[in-house]
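Biologist: Please show me the model, and let us discuss it by question and answer.

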Amino acid sequence: AQDTCLNVSPRGREESTAYSEAARSFLLEKGYPDRTANAVALSIEELLENIRERADKVRNTDLFVTVGHGMITVRIRCDGKLVNPISTADLYNENARTVYGPAIISRIADSMEYNTSMGVNNLIVSFRIASVTEMVD
């Protein structure tokens, strides 16, 4: 079975923070470890802000978080300028001087995918529940 954690439309930085905390609380209530809940919350906050800053002229942003089949999946959609936040060379450059949100998330997530559909940015980040909980040590 699959539980929907969140299905919301954050409008600004304060709401991004509030929704990342709501996802964290949901996961903790479901019995997931702090490490898992924190990784997902960090991803939501970092990616929402990164997309909103880089996509320019964003009017609508949608956040979906689902849990099921051994995975936690975060999907962010926005209607701003088409920007692939995971295409930058720095994302996978071990020697990069600055590390920004998507680069951090790419190191803790099991997968990150970007696509567009009808002029809308779609970013999907998945965490295999076991792999996040294994990161404890």
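The questions below concern the core, one helix and two turns.

Modeller: This is a predicted model, in which local features need pLDDT of at least 70 and side-chain atom pairs count only at pLDDT 80 or more, while totals for chains, interfaces and linings use all residues. Residues are numbered from 1 along each chain as its sequence is written, and side-chain values use heavy atoms, with hydrogens and water left out.

Biologist: Which helix gives the most residues to the largest nonpolar core?

Modeller: A nonpolar core is a set of buried Ala, Val, Leu, Ile, Met, Phe, Trp, Tyr and Cys residues joined through side-chain atoms within 4.5 Å. Buried means under 20% relative accessible area, exposed over 50%, and partly exposed in between, with a 1.4 Å probe and protein chains only. The largest such core has 33 residues; the elements that each supply at least two of them include helix 1 (13–29), helix 2 (34–55) and helix 3 (101–108). With eight residues, the greatest contribution comes from helix 2.

Biologist: How are helices and strands defined here?

Modeller: Both are DSSP runs, numbered from the N terminus. A strand is a run of E with at least two residues, and a helix is a run of H or I with at least four residues.

Biologist: Which residues of strand 5 (120–128) does Val74 touch?

Modeller: Contact means heavy atoms within 4.5 Å. Val74 is among the residues with the most contacts inside the core. Leaving aside residues up to four places away in sequence, its partners include Val40, Ile44 and Leu63, and, from strand 5, Leu123, Ile124, Val125 and Phe127.

Biologist: Is helix 3 largely enclosed or open, and why?

Modeller: Its buried residues are Gly101, Pro102, Ala103, Ile105, Ser106 and Ile108. The cover over them includes helix 2, strand 4 and strand 5. Because six of its eight residues are buried, helix 3 is largely enclosed.

Biologist: Which residue stands opposite Glu113 in strand 5?

Modeller: Two strands pair if DSSP finds at least two bridges between them. Strand 4 and strand 5 do so in the antiparallel sense, over seven bridges. Opposite Glu113 stands Ile124.

Biologist: What phi does Met118 have?

Modeller: Most residues other than glycine have a negative phi. Met118 lies in the turn of the hairpin formed by strand 4 and strand 5, and is exposed at 83% relative accessibility. Although it is not a glycine, its phi is positive, at about 55°.

Biologist: Where does His69 lie?

Modeller: His69 also is not a glycine and has a positive phi of about 55°. Its relative accessible area is 69%, so it is exposed. His69 lies in the loop between strand 2 and strand 3.
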